Amino acid sequence: MSAESTHRRVVITGLGVISSIGTGAEEFARAVRAGRSGARPIRAFETDGFEYVNGCEVTDFDPAAWIDRLDHRDLGRATQLAVSGAKLALADAGLAPAYLRARPAVIAVGTTSGETREVELAVQRQLTTGATDVDPGAARRARSGRLSADIARELDLTEVEAVTVPTACAAGNYAIGYGYDAIADGDAELALCGGVDAMVRTNFIGFHRLGTIAPTVCAPFDRDRRGILIGEGSGILVLESLDASLARGARIYAEVLGYGLSCDSHHAVSPDRDGVANCIARAHANAGVAPDDVDFISAHGTGTKTNDLTEVAAIRQVFGDRLPPTVSVKSMLGHTMGAASALAAIACALALTEGFIPPTINHRHPDPEIDIDCVPNRARPARLRQVQNNALAFGGNNAVLLLGAYS
(Lines give C-alpha, C1' and ligand atoms only; values in the text may rest on other atoms or scores of the structure.)
Protein backbone atom coordinates (compact mmCIF):
# COMPACT_ATOMS: atom_id res chain seq x y z
CA MET A 1 0.00 0.00 0.00
CA SER A 2 1.40 3.41 -0.94
CA ALA A 3 2.11 6.11 1.62
CA GLU A 4 -0.44 8.35 -0.08
CA SER A 5 -3.23 5.80 0.30
CA THR A 6 -2.63 5.48 4.05
CA HIS A 7 -2.71 9.23 4.67
CA ARG A 8 -5.73 9.95 6.85
CA ARG A 9 -7.76 13.14 7.12
CA VAL A 10 -7.40 14.90 10.47
CA VAL A 11 -10.06 17.02 12.14
CA ILE A 12 -10.40 19.21 15.23
CA THR A 13 -13.10 18.00 17.63
CA GLY A 14 -12.27 19.73 20.91
CA LEU A 15 -11.01 23.13 22.01
CA GLY A 16 -9.53 23.92 25.41
CA VAL A 17 -9.03 27.64 26.00
CA ILE A 18 -7.79 29.61 28.99
CA SER A 19 -7.09 33.21 28.06
CA SER A 20 -7.22 36.79 29.27
CA ILE A 21 -10.48 37.32 27.34
CA GLY A 22 -12.29 34.13 28.26
CA THR A 23 -12.13 30.49 29.31
CA GLY A 24 -13.76 27.70 27.33
CA ALA A 25 -14.59 27.56 23.63
CA GLU A 26 -17.98 29.29 23.84
CA GLU A 27 -16.83 32.24 25.93
CA PHE A 28 -13.65 32.59 23.87
CA ALA A 29 -15.69 32.62 20.63
CA ARG A 30 -17.93 35.38 22.00
CA ALA A 31 -14.94 37.40 23.16
CA VAL A 32 -13.07 37.13 19.86
CA ARG A 33 -16.18 38.00 17.90
CA ALA A 34 -16.85 41.00 20.12
CA GLY A 35 -13.25 42.23 19.96
CA ARG A 36 -12.74 42.04 23.71
CA SER A 37 -9.41 43.27 25.08
CA GLY A 38 -7.43 41.47 27.77
CA ALA A 39 -5.14 44.43 28.46
CA ARG A 40 -4.81 45.44 32.11
CA PRO A 41 -2.07 46.21 34.66
CA ILE A 42 0.08 43.16 35.41
CA ARG A 43 -0.44 41.61 38.84
CA ALA A 44 1.59 38.40 38.47
CA PHE A 45 4.82 40.13 39.52
CA GLU A 46 6.09 43.51 40.66
CA THR A 47 6.36 46.11 37.89
CA ASP A 48 7.62 49.04 40.01
CA GLY A 49 10.16 51.10 38.13
CA PHE A 50 8.99 50.16 34.64
CA GLU A 51 7.56 52.81 32.35
CA TYR A 52 4.85 50.53 30.93
CA VAL A 53 3.05 47.95 33.05
CA ASN A 54 0.14 46.52 31.06
CA GLY A 55 -0.17 42.90 29.99
CA CYS A 56 -2.83 40.32 29.16
CA GLU A 57 -3.08 38.22 32.30
CA VAL A 58 -5.53 35.42 33.11
CA THR A 59 -7.21 36.64 36.29
CA ASP A 60 -10.01 34.12 36.88
CA PHE A 61 -8.17 30.80 36.60
CA ASP A 62 -8.79 28.16 39.29
CA PRO A 63 -6.79 24.97 38.58
CA ALA A 64 -8.78 23.09 41.23
CA ALA A 65 -11.83 23.33 38.97
CA TRP A 66 -10.18 21.07 36.40
CA ILE A 67 -7.33 19.14 38.01
CA ASP A 68 -8.61 16.38 40.28
CA ARG A 69 -6.25 13.38 40.02
CA LEU A 70 -3.05 15.31 40.65
CA ASP A 71 -2.46 17.82 43.43
CA HIS A 72 -2.58 21.11 41.56
CA ARG A 73 -0.45 22.71 44.28
CA ASP A 74 2.41 20.46 43.18
CA LEU A 75 2.32 21.92 39.65
CA GLY A 76 3.79 25.16 38.34
CA ARG A 77 1.39 27.67 36.83
CA ALA A 78 2.25 26.80 33.23
CA THR A 79 1.65 23.11 33.92
CA GLN A 80 -1.63 23.96 35.66
CA LEU A 81 -2.67 25.83 32.52
CA ALA A 82 -1.61 22.93 30.28
CA VAL A 83 -3.42 20.24 32.26
CA SER A 84 -6.54 22.35 32.70
CA GLY A 85 -6.56 23.25 29.01
CA ALA A 86 -6.37 19.56 28.10
CA LYS A 87 -9.26 18.73 30.42
CA LEU A 88 -11.31 21.56 28.90
CA ALA A 89 -10.54 20.29 25.39
CA LEU A 90 -11.59 16.73 26.22
CA ALA A 91 -14.80 17.95 27.84
CA ASP A 92 -15.55 20.07 24.78
CA ALA A 93 -14.93 17.05 22.55
CA GLY A 94 -17.21 14.87 24.66
CA LEU A 95 -14.39 12.43 25.41
CA ALA A 96 -13.79 10.57 28.65
CA PRO A 97 -10.21 9.68 29.65
CA ALA A 98 -11.14 6.00 29.32
CA TYR A 99 -11.61 6.56 25.57
CA LEU A 100 -8.02 7.78 25.30
CA ARG A 101 -6.64 4.89 27.34
CA ALA A 102 -7.95 2.43 24.79
CA ARG A 103 -6.23 4.12 21.84
CA PRO A 104 -2.73 5.21 20.79
CA ALA A 105 -2.42 8.92 21.46
CA VAL A 106 0.03 11.82 21.31
CA ILE A 107 0.38 14.78 23.64
CA ALA A 108 2.37 17.70 22.19
CA VAL A 109 2.61 21.01 24.06
CA GLY A 110 4.53 24.00 22.72
CA THR A 111 6.06 26.65 24.95
CA THR A 112 8.48 29.55 25.07
CA SER A 113 9.35 29.67 28.76
CA GLY A 114 8.09 26.40 30.20
CA GLU A 115 8.17 26.71 33.98
CA THR A 116 10.62 29.63 34.10
CA ARG A 117 8.25 31.26 36.55
CA GLU A 118 9.13 28.54 39.08
CA VAL A 119 12.83 29.39 38.71
CA GLU A 120 12.06 33.09 39.20
CA LEU A 121 10.09 32.37 42.37
CA ALA A 122 12.87 30.15 43.74
CA VAL A 123 15.52 32.81 43.11
CA GLN A 124 13.34 35.51 44.65
CA ARG A 125 12.81 33.36 47.74
CA GLN A 126 16.54 32.76 48.17
CA LEU A 127 17.35 36.45 47.74
CA THR A 128 14.70 37.38 50.29
CA THR A 129 15.21 34.70 52.94
CA GLY A 130 18.72 33.38 52.38
CA ALA A 131 20.66 31.13 50.06
CA THR A 132 19.96 28.00 52.09
CA ASP A 133 16.19 28.46 52.15
CA VAL A 134 15.36 26.41 49.06
CA ASP A 135 11.86 25.17 48.26
CA PRO A 136 12.41 21.41 47.82
CA GLY A 137 9.60 21.21 45.27
CA ALA A 138 10.87 24.02 43.02
CA ALA A 139 13.26 21.91 40.96
CA ARG A 140 10.61 19.27 40.45
CA ARG A 141 8.01 21.80 39.31
CA ALA A 142 10.43 23.64 37.02
CA ARG A 143 10.91 20.88 34.42
CA SER A 144 9.35 21.92 31.10
CA GLY A 145 8.63 18.28 30.28
CA ARG A 146 5.89 18.35 32.87
CA LEU A 147 3.72 20.48 30.58
CA SER A 148 2.97 17.37 28.52
CA ALA A 149 3.84 14.58 30.95
CA ASP A 150 1.46 15.83 33.63
CA ILE A 151 -1.42 15.84 31.16
CA ALA A 152 -0.74 12.14 30.74
CA ARG A 153 -0.50 11.68 34.52
CA GLU A 154 -3.76 13.54 35.17
CA LEU A 155 -5.55 11.42 32.56
CA ASP A 156 -3.80 8.19 33.73
CA LEU A 157 -2.46 7.48 30.25
CA THR A 158 0.39 5.01 29.91
CA GLU A 159 0.45 4.13 26.19
CA VAL A 160 1.04 7.67 24.98
CA GLU A 161 3.85 9.79 23.56
CA ALA A 162 4.21 13.06 25.47
CA VAL A 163 6.51 15.75 24.08
CA THR A 164 7.15 19.39 24.92
CA VAL A 165 8.07 21.55 21.92
CA PRO A 166 10.27 24.55 22.85
CA THR A 167 10.21 26.50 19.58
CA ALA A 168 9.21 29.73 21.30
CA CYS A 169 6.46 31.81 19.73
CA ALA A 170 5.89 29.32 16.88
CA ALA A 171 5.60 26.36 19.25
CA GLY A 172 1.81 26.06 19.24
CA ASN A 173 1.70 25.52 15.47
CA TYR A 174 4.68 23.18 15.70
CA ALA A 175 2.83 21.05 18.27
CA ILE A 176 -0.35 20.98 16.17
CA GLY A 177 1.72 19.87 13.18
CA TYR A 178 3.28 17.13 15.32
CA GLY A 179 -0.14 15.82 16.31
CA TYR A 180 -1.42 16.11 12.73
CA ASP A 181 1.44 13.99 11.37
CA ALA A 182 0.98 11.30 14.02
CA ILE A 183 -2.69 10.86 13.14
CA ALA A 184 -2.37 11.33 9.37
CA ASP A 185 0.38 8.69 9.21
CA GLY A 186 -1.56 6.22 11.34
CA ASP A 187 0.71 6.32 14.39
CA ALA A 188 -2.02 7.66 16.69
CA GLU A 189 -5.80 7.86 16.81
CA LEU A 190 -5.97 11.02 18.84
CA ALA A 191 -3.76 13.97 19.78
CA LEU A 192 -3.92 16.62 22.48
CA CYS A 193 -1.76 19.42 21.15
CA GLY A 194 -1.29 23.16 21.37
CA GLY A 195 0.66 25.68 23.41
CA VAL A 196 0.98 27.10 26.92
CA ASP A 197 2.83 29.87 28.71
CA ALA A 198 2.44 31.68 32.02
CA MET A 199 3.29 35.33 32.71
CA VAL A 200 7.05 35.45 33.25
CA ARG A 201 8.91 38.47 34.57
CA THR A 202 11.99 37.55 32.54
CA ASN A 203 10.03 37.93 29.29
CA PHE A 204 8.56 41.24 30.41
CA ILE A 205 11.98 42.63 31.31
CA GLY A 206 13.56 41.34 28.10
CA PHE A 207 10.96 42.85 25.82
CA HIS A 208 10.98 46.07 27.85
CA ARG A 209 14.75 46.34 27.37
CA LEU A 210 14.27 45.75 23.64
CA GLY A 211 11.88 48.71 23.61
CA THR A 212 9.01 46.59 22.30
CA ILE A 213 6.48 46.79 25.16
CA ALA A 214 3.48 48.92 24.20
CA PRO A 215 2.41 51.71 26.59
CA THR A 216 -1.24 50.64 26.93
CA VAL A 217 -2.58 48.37 24.16
CA CYS A 218 -1.28 46.27 21.28
CA ALA A 219 -2.22 47.80 17.92
CA PRO A 220 -0.95 45.59 15.08
CA PHE A 221 -0.74 47.14 11.60
CA ASP A 222 -1.67 50.57 12.92
CA ARG A 223 0.49 53.49 11.78
CA ASP A 224 1.17 54.41 15.42
CA ARG A 225 1.74 50.90 16.79
CA ARG A 226 4.21 50.76 19.67
CA GLY A 227 4.83 47.08 20.33
CA ILE A 228 3.58 44.02 22.19
CA LEU A 229 1.86 43.29 25.47
CA ILE A 230 3.01 40.05 27.01
CA GLY A 231 0.24 37.63 27.90
CA GLU A 232 -0.42 34.13 29.12
CA GLY A 233 -2.82 31.32 28.44
CA SER A 234 -3.44 27.79 27.29
CA GLY A 235 -4.70 26.58 23.93
CA ILE A 236 -5.11 22.81 23.62
CA LEU A 237 -6.85 21.15 20.67
CA VAL A 238 -8.20 17.62 20.29
CA LEU A 239 -7.24 16.18 16.91
CA GLU A 240 -8.73 12.92 15.63
CA SER A 241 -8.79 10.97 12.42
CA LEU A 242 -11.88 11.81 10.44
CA ASP A 243 -13.02 8.19 10.51
CA ALA A 244 -12.76 7.98 14.30
CA SER A 245 -14.61 11.25 14.81
CA LEU A 246 -17.44 10.20 12.48
CA ALA A 247 -17.70 6.79 14.15
CA ARG A 248 -18.44 8.40 17.51
CA GLY A 249 -20.64 11.17 16.11
CA ALA A 250 -18.30 13.96 17.14
CA ARG A 251 -18.81 17.65 16.41
CA ILE A 252 -16.14 18.74 13.95
CA TYR A 253 -14.87 22.31 14.15
CA ALA A 254 -12.46 22.23 11.22
CA GLU A 255 -10.08 20.06 9.25
CA VAL A 256 -6.30 20.36 9.53
CA LEU A 257 -5.18 20.62 5.91
CA GLY A 258 -1.42 20.81 6.46
CA TYR A 259 1.42 22.97 7.71
CA GLY A 260 4.91 24.22 6.90
CA LEU A 261 8.02 24.78 9.00
CA SER A 262 11.22 26.70 8.38
CA CYS A 263 14.23 27.98 10.30
CA ASP A 264 16.15 30.64 8.41
CA SER A 265 18.42 31.60 11.36
CA HIS A 266 18.62 35.09 9.85
CA HIS A 267 18.65 37.07 13.09
CA ALA A 268 18.20 36.49 16.80
CA VAL A 269 15.05 38.60 17.03
CA SER A 270 14.13 40.07 13.62
CA PRO A 271 12.06 38.03 11.14
CA ASP A 272 13.33 37.46 7.60
CA ARG A 273 10.98 38.11 4.69
CA ASP A 274 12.30 35.29 2.52
CA GLY A 275 12.30 32.82 5.41
CA VAL A 276 8.68 33.59 6.28
CA ALA A 277 7.61 33.47 2.61
CA ASN A 278 9.34 30.11 2.22
CA CYS A 279 7.44 28.75 5.21
CA ILE A 280 4.10 29.97 3.83
CA ALA A 281 4.82 28.36 0.45
CA ARG A 282 5.74 25.07 2.16
CA ALA A 283 2.50 25.13 4.12
CA HIS A 284 0.44 25.72 0.97
CA ALA A 285 2.20 22.84 -0.81
CA ASN A 286 1.72 20.49 2.15
CA ALA A 287 -1.96 21.40 2.43
CA GLY A 288 -2.68 21.40 -1.29
CA VAL A 289 -3.90 24.99 -1.07
CA ALA A 290 -3.28 27.85 -3.50
CA PRO A 291 -2.99 31.46 -2.32
CA ASP A 292 -6.32 32.34 -3.94
CA ASP A 293 -7.99 29.63 -1.81
CA VAL A 294 -7.15 31.36 1.50
CA ASP A 295 -10.06 33.39 2.87
CA PHE A 296 -8.18 35.14 5.66
CA ILE A 297 -4.80 35.07 7.35
CA SER A 298 -4.36 35.05 11.09
CA ALA A 299 -1.01 36.84 11.16
CA HIS A 300 1.68 36.61 13.79
CA GLY A 301 0.95 40.33 14.05
CA THR A 302 2.85 41.36 17.16
CA GLY A 303 2.37 45.10 16.74
CA THR A 304 6.08 45.93 16.46
CA LYS A 305 7.25 48.02 13.52
CA THR A 306 9.66 45.37 12.23
CA ASN A 307 7.43 42.33 12.57
CA ASP A 308 4.37 43.82 10.92
CA LEU A 309 6.27 45.28 7.96
CA THR A 310 8.32 42.12 7.37
CA GLU A 311 5.44 39.69 7.80
CA VAL A 312 3.17 41.56 5.40
CA ALA A 313 6.02 41.81 2.87
CA ALA A 314 6.47 38.04 3.11
CA ILE A 315 2.74 37.43 2.66
CA ARG A 316 2.75 39.72 -0.38
CA GLN A 317 5.74 37.80 -1.78
CA VAL A 318 3.57 34.66 -1.88
CA PHE A 319 0.13 36.14 -2.54
CA GLY A 320 1.07 38.98 -4.85
CA ASP A 321 -1.20 42.02 -4.74
CA ARG A 322 -4.34 40.00 -3.92
CA LEU A 323 -3.97 39.70 -0.17
CA PRO A 324 -6.89 38.22 1.77
CA PRO A 325 -7.99 39.95 4.98
CA THR A 326 -5.05 39.70 7.40
CA VAL A 327 -5.80 39.99 11.11
CA SER A 328 -4.04 39.77 14.47
CA VAL A 329 -5.76 38.27 17.51
CA LYS A 330 -2.79 39.49 19.57
CA SER A 331 -4.56 42.84 19.55
CA MET A 332 -7.01 41.19 21.96
CA LEU A 333 -4.90 38.50 23.69
CA GLY A 334 -1.49 40.11 23.80
CA HIS A 335 1.50 37.95 22.94
CA THR A 336 1.00 34.69 24.81
CA MET A 337 4.36 33.33 23.61
CA GLY A 338 4.18 29.54 23.16
CA ALA A 339 0.39 29.63 23.44
CA ALA A 340 0.02 32.34 20.78
CA SER A 341 -0.39 30.32 17.59
CA ALA A 342 -2.44 27.64 19.38
CA LEU A 343 -4.93 30.23 20.63
CA ALA A 344 -4.94 31.79 17.16
CA ALA A 345 -5.59 28.34 15.64
CA ILE A 346 -8.55 27.94 17.97
CA ALA A 347 -9.85 31.35 16.89
CA CYS A 348 -9.48 30.21 13.27
CA ALA A 349 -11.38 26.96 13.94
CA LEU A 350 -14.20 28.88 15.62
CA ALA A 351 -14.27 31.38 12.75
CA LEU A 352 -14.64 28.53 10.24
CA THR A 353 -17.44 26.99 12.30
CA GLU A 354 -19.37 30.17 13.06
CA GLY A 355 -18.71 32.11 9.86
CA PHE A 356 -16.81 35.25 10.81
CA ILE A 357 -13.38 36.86 10.48
CA PRO A 358 -11.89 38.01 13.80
CA PRO A 359 -11.14 41.72 14.10
CA THR A 360 -7.85 43.50 14.70
CA ILE A 361 -8.81 45.83 17.53
CA ASN A 362 -7.15 49.08 18.62
CA HIS A 363 -6.83 50.07 14.96
CA ARG A 364 -7.10 53.83 14.42
CA HIS A 365 -4.81 54.86 11.57
CA PRO A 366 -3.98 52.60 8.59
CA ASP A 367 -0.28 52.32 7.82
CA PRO A 368 0.33 53.12 4.13
CA GLU A 369 3.54 51.06 4.24
CA ILE A 370 1.48 47.96 5.05
CA ASP A 371 -1.76 48.62 3.14
CA ILE A 372 -3.83 45.59 4.13
CA ASP A 373 -7.41 44.86 5.14
CA CYS A 374 -6.90 44.02 8.82
CA VAL A 375 -10.65 43.85 9.57
CA PRO A 376 -10.38 46.85 11.89
CA ASN A 377 -12.13 46.78 15.25
CA ARG A 378 -15.24 44.76 14.29
CA ALA A 379 -15.61 41.11 13.32
CA ARG A 380 -16.89 40.50 9.81
CA PRO A 381 -19.45 37.85 8.78
CA ALA A 382 -18.00 35.59 6.11
CA ARG A 383 -18.42 32.19 4.49
CA LEU A 384 -15.01 30.63 4.93
CA ARG A 385 -13.35 27.63 3.26
CA GLN A 386 -9.66 27.78 4.17
CA VAL A 387 -7.73 29.95 6.59
CA GLN A 388 -4.03 30.39 7.32
CA ASN A 389 -2.43 30.79 10.74
CA ASN A 390 1.09 32.30 10.85
CA ALA A 391 3.58 31.91 13.71
CA LEU A 392 7.05 33.47 13.73
CA ALA A 393 9.63 33.00 16.48
CA PHE A 394 12.99 34.41 17.46
CA GLY A 395 15.90 32.77 15.67
CA GLY A 396 13.89 32.45 12.47
CA ASN A 397 11.70 29.56 13.61
CA ASN A 398 8.50 29.80 11.58
CA ALA A 399 5.39 27.61 11.46
CA VAL A 400 2.34 28.14 9.27
CA LEU A 401 -0.87 26.10 9.64
CA LEU A 402 -3.75 25.69 7.16
CA LEU A 403 -7.25 24.84 8.39
CA GLY A 404 -10.35 24.19 6.31
CA ALA A 405 -14.09 23.99 6.80
CA TYR A 406 -15.07 20.34 7.11
CA SER A 407 -17.17 19.01 4.25
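The exercises below, each with a worked solution, concern pockets, a cavity, surface exposure and salt bridges in a predicted model.

**Exercise 1. Describe the largest pocket by its volume, its central residues, the elements that line it and the classes of its lining residues.**

Solution. Begin with the volume, which for the largest pocket is about 470 Å³. Next, take the lining, which is made up of 27 residues, with Phe 207, Thr 212, Val 269, Thr 304 and Phe 394 lying nearest the centre of the pocket. Then assign the lining to elements: those that give two or more residues are α9 (201-209), α12 (305-319) and β14 (386-393). Of the elements, α9 supplies the largest share, namely four residues. Finally, sort the lining by class, which yields eleven nonpolar, 14 polar and two charged residues.

**Exercise 2. Repeat the description for the second largest pocket, and state which element gives the most to its lining.**

Solution. The volume to start from is about 270 Å³ for the second largest pocket. Its lining consists of 13 residues, and those that lie nearest the centre are Phe 45, Glu 120, Leu 121, Gln 124 and Arg 201. Two or more residues are given to this lining by α5 (116-129) and by α9, and the element that gives the most is α5, with six residues. Sorted by class, the lining of the second largest pocket holds seven nonpolar, two polar and four charged residues. Helix α9 also gives two or more residues to the lining of the largest pocket, so that this helix appears in the solutions to both exercises.

**Exercise 3. Determine how many cavities of 30 Å³ or more a search of the whole structure finds, and characterise the lining of the largest cavity.**

Solution. The search of the whole structure returns one cavity of 30 Å³ or more. The volume of the largest cavity is about 70 Å³. It is lined by 13 residues, and the closest to its centre are Val 329, Lys 330, Ala 340, Ser 341 and Ala 344. The elements that give two or more residues to this lining are α13 (330-333), α14 (340-354) and β14, with the largest share, three residues, coming from α14. The classes in the lining of the largest cavity are five nonpolar, seven polar and one charged.

**Exercise 4. Decide whether Leu 127 is buried or exposed, and do the same for Ile 280.**

Solution. The step needs two cut-offs, since buried means under 20% relative accessible area and exposed means over 50%. Leu 127, which is found in helix α5, has a relative accessible area of 72% and is therefore exposed. Together with Val 119 and Val 123, Leu 127 forms a nonpolar patch on the surface, and the three residues have about 300 Å² of accessible area together. Ile 280 has its place in helix α11 (residues 273-287), and because its relative accessibility is 0%, Ile 280 counts as buried. As a further detail of its surroundings, the C-alpha atoms of Ile 280 and Leu 261 are 8.3 Å apart in space, while the two residues are 19 residues apart in sequence.

**Exercise 5. State how many salt bridges a search of the whole structure finds, and work through the pairs of Arg 36, Glu 354 and Asp 224.**

Solution. The principle is that side chains of opposite charge can pair when their charged atoms come close. Across the whole structure, the search finds 21 salt bridges. In one of them, the side chains of Arg 36 and Glu 27 meet at 3.8 Å, N to O; Arg 36 is partly exposed at a relative accessible area of 34%, and Glu 27 is partly exposed at 27%.

For Glu 354, the partner is Arg 33, and the distance is 3.2 Å, N to O. This pair links distant parts of the chain, given that Glu 354 is in helix α14 and Arg 33 in helix α2 (residues 25-34), 321 residues apart. Glu 354 is partly exposed, with a relative accessible area of 36%, and Arg 33 is partly exposed, with 35%.

For Asp 224, the salt bridge is made with Arg 223 at 3.2 Å, N to O. Asp 224 counts as partly exposed at 40% relative accessibility, and Arg 223 is partly exposed with a relative accessible area of 40%.

**Exercise 6. Identify which residues are linked with Asp 74 in a network of salt bridges.**

Solution. The network of salt bridges links Asp 74 with Arg 146, Asp 150 and Arg 153.

Notes
Residues are numbered from 1 along each chain as its sequence is written. This is a predicted model: local features need pLDDT of at least 70, side-chain atom pairs count only at pLDDT 80 or more; totals for chains, interfaces and linings use all residues. Side-chain values use heavy atoms; hydrogens and water are left out. On a 1 Å grid over the protein atoms alone, a cavity is a set of points where a 1.4 Å probe fits but cannot get out, and a pocket is an open set with protein on both sides within 12 Å along at least five of seven lines; lining residues have an atom within 4 Å of a point. Grid points are joined across faces, edges and corners, and a volume is the space filled by probe spheres set on the points. Ala, Val, Leu, Ile, Met, Phe, Trp, Tyr, Cys and Pro count as nonpolar, Asp, Glu, Lys and Arg as charged, and the others, Gly among them, as polar. Patches are made of residues with over 30% relative accessible area and no salt bridge: like charges are joined within 9 Å, nonpolar side chains (Val, Leu, Ile, Met, Phe, Trp, Tyr) within 5 Å. Accessible areas come from the Shrake-Rupley method with a 1.4 Å probe; for residues, only the protein chains shown count as cover. A salt bridge is a side-chain nitrogen of Lys or Arg within 4 Å of a carboxyl oxygen of Asp or Glu. Buried means under 20% relative accessible area, exposed over 50%, partly exposed in between (1.4 Å probe, protein chains only).
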